[in-house]
Amino acid sequence: MIRVALIDDHESVRLGLEAASNRSDAISVVFSGASVAAYLDWRLFSREQPADVIVLDLTLGDGATVTENVTRLVADGSPVIIHSVADRPTAVREALVAGAAGVVSKAARIDDVISAIGTVARGDSLDTVEWASAIDGDRAFADAQLSARERDVLRLYAAGLPLKAVADRLGIAYSTAKENITRVRVKYVEVGRPAPTKIDLLRRAMEDGLVSEGVADGGHR
């Protein structure tokens, strides 16, 4: 029996997948919730083993990045399938870099999702059209090559924090935060995605899956 955890902040999607999974003789849904933090809390307090497979929504509404979510789950001992509408190749590629095992479109048939769970549980690679398209189509993010620090600064700054608050949050000097934003702008210009204003940086951050649309206020230049 494959022990599966479902993490999606869209309740109707999650409950529908849970019901379909429970109809399979090969799958047991051991956790269903809206955040990675909730799953890890469940693991801590229940003392259950890591799920054999985790089906994870690409972007959750709690402000956590794709990289943070996938990294935490993989480090906890579970392979991760991204369950996505697959229209944000940059964020999907970020999930791959972080260690996700594959992606299945939310437009896919339930049988395809169940099959993907079985494939990943066996330790086999998951090759789907959505996954290949995301990798092949995402040249801009790869070329931009933002460092981990640059992504952290951009995520907080684009989400609305003043640069001084970003520096304080990350424990770095104001000058360092400012230098990171300058480098980010230069890198985006180099790949043909200029971001001269804070609103432009917000757009780039959303395109690259660093900021969710619901948590950003746009800020000022």
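This passage walks through the fold of a predicted model, from its overall make-up to its sheet and a helix that packs on it.

The protein chain holds 11 helices and five strands. Of its 221 residues, 43% count as buried. The accessible surface of the chain amounts to about 10,600 Å², and carbon and sulfur atoms account for 51% of that area. Contacts that are distant in sequence are well worth a look here: among those between residues at least 6 apart in sequence, 66% join residues at least 24 apart.

The five strands come together in an open sheet with parallel pairing, and the order across it is S2-S1-S3-S4-S5. Strand S2 (27–33) and strand S5 (102–105) stand at the edges. Each of these two has a single partner strand, so one side of each is left without a neighbour in the sheet. From one strand to the next, the twist averages 25 degrees.

A handy place to inspect the pairing is the S5 end of the order. Strand S4 (residues 80–84) runs parallel to S5, and four bridges join the two. Within this pair, His 83 stands opposite Val 104 in S5. In general, the strands of a sheet pair through backbone hydrogen bonds, in either a parallel or an antiparallel manner.

Helix H1 (residues 11–22) packs on the sheet. This helix touches strand S1 (2–7), S2, strand S3 (53–57) and S4. The direction of H1 makes about 165 degrees with that of S2, which is one of the edge strands.

Notes:
Residues are numbered from 1 along each chain as its sequence is written. This is a predicted model: local features need pLDDT of at least 70, side-chain atom pairs count only at pLDDT 80 or more; totals for chains, interfaces and linings use all residues. Side-chain values use heavy atoms; hydrogens and water are left out. Two strands pair if DSSP finds at least two bridges between them. Axes are lines fitted to C-alpha atoms, for helices over the stretch in contact, and angles run from 0 to 180 degrees between N-to-C directions. Contact means heavy atoms within 4.5 Å. Buried means under 20% relative accessible area, exposed over 50%, partly exposed in between (1.4 Å probe, protein chains only). Accessible areas come from the Shrake-Rupley method with a 1.4 Å probe; for residues, only the protein chains shown count as cover.
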